[in-house]
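Reader: I have just opened this one and have not looked at it before. Can I put some short questions to you as I go through it?

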Amino acid sequence: MKQVLIILLLLIALPSSAGDDKDHNQDPKAKEVEAIIEKTEKCMAEGNFDESLALCLKATTLLPDVKDLDAHISVYNNLGVIYRRRNMNDSAIYYYNRALDCAVKYGDDEWLTTLALNLCIFYHNLKHFKDAEKYLDIAVRHSAKLDDESMVFYCWQVGALIKSYAGKLQESIGYSRKAWAMANGKGGTDDMRLRCIPTMVSVFDDLGKTDSVFHYIALGNKLLTTCDNEITRIGFIQSRAEINYRHERWHDLLPDLLLLANKTSSGTLSSSLYTKIADSYFHLADYRKAYCYMDSARMFTDSLAAKDMEAKLAEFNVKYETKEKDMALALAREQHAELRMQRTAWALVGSIVIAILIVVILVIRHRHRLRVMFIRQCAEMNEARQYIIGLEDERKRMAKELHDGIANDLLGISMKMFNVSTPEEMKYMQTDIDRLRSEVRNISHGMMPPDFSRLNLNEILNAYVSGLELGEGVKINCLYHEDNRWDGLPKSVAYEVFRIAQECISNAVKHSGADNITVSLTVEDDGATGLLCVSDNGHGMAESLSREGRGLGIIDERVKSLNGCISYDSDTQGTSIKLRFPINA
């Protein structure tokens with residue numbers, strides 16, 4: 001987030017280049033330069049750096065005839081700021097040095113403070129942190145000689161930013177509080193107060209003081225309506241957006257990102273914005289817009305790569321044309337050498353064309369993979385959501401069984417207790433209690449997660465079937481086959497197969513009318529596929545399909561998670577369910 005705070009400091013208040021004590025009898029070129037400087041600073045305040053650059057370059061053509069060093073410093077300093085804003089560091093440092101030379105000759109502490117602050121930010125952007133702190137100290141030293149509170153304010157403000165970058169958070173807070181106190185003092189303005197907030201919220205967020213962060217964000221929201229400096233406003237909005245992004249406040253974040261995207265049109269920053277916009281839409285479940293903005297971010301990245309390639313080709317063409325001219329001069333002496341050079345040049349051009357085609361193909365393939373990955377992620381999220389819905393349905397069904405079955409039976413027993421008068425009635429009540437206990441025990445065993453750390457799936461399934469109490473006339477068998485291959489089955493697979501077996505047994509007991517149920521677990525001949533079979537001699541499952549569709553839906557979701565397949569063979573003579581699943585991890 002700290003990178004966006006630099007924008008707030010692009011326009012440090014510059015010393016006036018048209019003081020009252022100036023000679024009003026300036027020559028025409030000096031007056032023209034003064035007018036250009038005034039217009040330049042106005043364009044910079046409005047964020048129009050293209051027009052500012054054109055004006056400054058025009059002013060440099062007039063400076064040789066202007067003796068006023070103040071005008072020289074203004075023009076060179078403005079060029080340093082503009083080139084720094086364009087990330088043209090060589091040009092920026094060149095004009096900063098020229099401005100500094102003039103300021104030293106001029107002996108003006110106000111200009112020396114301004115230039116030191118600009119160089120402080122410049123070196124900090126280059127990650128030369130020691131140089132940045134050195135120029136910060138110079139700016140503070142010169143500002144102490146001034147009777148200008150605004151320059152002192154900017155020193156504290158820049159100092160807060162520099163110290164936060166250096167990880168000296170407590171020092172940064174100290175600088176921030178001094179700047180904030182001045183911004184709220186007698187000469188303070190809404191623009192000064194709004195400039196202070198981004199650095200403070202960044203540092204408070206790094207310190208984990210969330211309450212302070214959002215307190216100052218709220219103050220900034222109010223100042224935003226009264227501050228008329230567009231650069232300050234944009235800097236605060238960027239800071240607010242970064243805080244909301246950190247804290248995943250997607251509803252508050254999205255409007256700021258869309259606003260910044262409309263005001264930004266250059267390369268990497270736009271790509272970053274569109275990526276965050278896509279992330280916000282994704283978390284707000286608007287997957288179509290998320291995909292569109294993610295694609296836009298990739299397009300910006302691709303555009304930058306294309307511009308870089310064009311620059312390289314242009315550089316090559318210049319070099320090639322130079323070589324071609326040299327070859328033309330030697331044409332009379334070595335015609336055979338010319339032919340060889342032409343062949344080499346054409347081969348080189350062909351190689352570049354092939355390289356460009358390869359890059360284009362790779363970019364297209366990469367974008368296609370990203371699109372496929374995004375669609376796959378959406379599908380996986382949908383499958384996970386359906387699976388969770390299935391589990392919730394399973395819990396609701398269990399709750400319904402407890403409510404409609406066990407609870408009603410308990411109520412009936414409770415009512416019978418008041419009418420018991422004979423031992424025979426007591427015996428019937430005991431039978432009901434035993435049956436109810438068996439049902440509770442079966443439900444408890446069904447809900448209890450099996451312990452696969454001690455036993456394998458084969459052993460747990462056998463123990464579960466052996467422990468079921470299904471009442472008189474109903475018999476359940478487990479065809480147990482000891483097999484060491486079940487020991488290596490992943491716990492997640494074993495758990496899903498066990499739950500499927502439970503559901504199949506439960507359906508057979510409740511809906512088939514069967515009195516004989518058989519469960520078996522074997523490994524097929526290929527050694528890599530497990531087979532679970534649950535069969536009964538009931539009246540078939542045609543009726544249960546419409547009545548218990550949720551139960552079958554849960555089974556199907558579990559089968560998908562296993563990457564297995566299940567078949568149902570049912571008629572009036574009984575039902576056989578077979579589940580095949582891979583047993584290798």
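Reader: Which residue in S5 does Asp536 stand opposite?
Author: Asp536 stands opposite Thr575 in S5. Keep in mind that this is a predicted model.

Reader: How many bridges join S3 to S5, and are the strands parallel or antiparallel?
Author: Eight bridges join S3 to S5, and the two strands run antiparallel.

Reader: And what joins S3 to S2?
Author: Seven bridges do, between residues 516–523 of S2 and residues 529–536 of S3. These strands run antiparallel. Within S3, Leu532 is the bridge partner of Leu521, and Gly530 stands opposite Val523.

Reader: What about the hairpin of S2 and S3, how many residues are between the strands?
Author: There are five residues between the strands. In that hairpin Gly527 has a positive phi, near 75 degrees.

Reader: What is the strand order in the whole sheet?
Author: The order is S1-S2-S3-S5-S4, in an open sheet of five strands with mixed pairing. Strand S1 (475–479) and strand S4 (565–571) are the edge strands, each pairing on one side only. From one strand to the next, the twist averages 10 degrees.

Reader: Which helix packs on the sheet?
Author: Helix H19, residues 491–511, packs on the sheet and touches S1, S2, S3 and S5. The direction of H19 makes about 175 degrees with that of S5.

Reader: Why is S3 largely enclosed by the rest of the structure?
Author: Seven of the eight residues of S3 are buried, so the strand is largely enclosed.

Reader: Where is Gly540 found?
Author: Gly540 is in the loop between S3 and helix H20 (542–547).

Reader: Is Gly540 buried or exposed?
Author: Gly540 is buried, because its relative accessible area is 6%, and the cut-off for buried is under 20%.

Reader: What is Gly540 in contact with, leaving aside its neighbours within four places in sequence?
Author: Gly540 is in contact with Ser512, Ser570, Asp571, Gly574 and Thr575. Ser512 is 28 residues from Gly540 along the chain, and their C-alpha atoms are separated by 5.9 Å. Thr575 has come up already, as the residue opposite Asp536.

Reader: Changing topic. How many disulfides does a search of the whole structure find?
Author: Zero. A disulfide is a covalent bond between the sulfur atoms of two cysteines.

Reader: Take Cys56, then. Where is the nearest cysteine sulfur?
Author: The nearest one is that of Cys43, 9.4 Å away, and Cys56 is in no disulfide. Cys56 is buried, with a relative accessible area of 2%.

Reader: Why is there no bond from the sulfur of Cys155 to the closest cysteine sulfur?
Author: The closest cysteine sulfur is in Cys120, and at 9.1 Å it is too far for a bond. The cut-off is 2.5 Å between the sulfur atoms. Cys155 is buried, with a relative accessible area of 1%.

Reader: On to rings. How many aromatic pairs are there?
Author: A search of the whole structure finds 14. One of them is Tyr94 with Tyr95, an edge-to-face pair at 4.9 Å centre to centre, with 80 degrees between the planes.

Reader: Are Tyr94 and Tyr95 buried or exposed?
Author: Tyr94 counts as partly exposed, at 44% relative accessibility. Tyr95 counts as buried, at 14%. These two form one aromatic cluster with Tyr76 and Tyr83.

Reader: Which aromatic pair ties together parts that are 36 residues apart in sequence?
Author: Trp180 and Tyr216, an edge-to-face pair at 5.6 Å centre to centre and 85 degrees between the planes. Trp180 lies in helix H9 (residues 169–183) and Tyr216 in helix H11 (residues 210–224), so the pair links those parts. Both residues are buried.

Reader: What sits over the ring of Tyr245?
Author: The charged end of Lys276, 5.0 Å from the ring centre.

Reader: Last one. Which residue other than glycine has a positive phi near 55 degrees?
Author: Glu248 does. Glu248 is in the loop between helix H12 (230–246) and helix H13 (250–263), and is exposed, with a relative accessible area of 53%. Ala285 also has a positive phi, of about 70 degrees, although it is not a glycine. The place of Ala285 is the loop between helix H14 (267–283) and helix H15 (287–329).

Conventions
Residues numbered from 1 in each chain as written. Predicted model: local features only at pLDDT ≥ 70, side-chain atom pairs only at ≥ 80, totals over all residues. Heavy atoms only, no water. Pairing = 2+ DSSP bridges. Helix = DSSP H or I, 4+ residues; strand = E, 2+ residues; numbered from the N terminus. Axes fitted to C-alpha atoms, helices over the stretch in contact; angles between N-to-C directions. Contact = heavy atoms within 4.5 Å. Buried < 20%, exposed > 50% of the residue type's maximum accessible area, 1.4 Å probe, protein only. Phe/Tyr/Trp six-rings, centres within 6.5 Å; stacked < 30°, edge-to-face > 60°. Lys NZ or Arg CZ within 6 Å of the ring centre and 35° of its normal.
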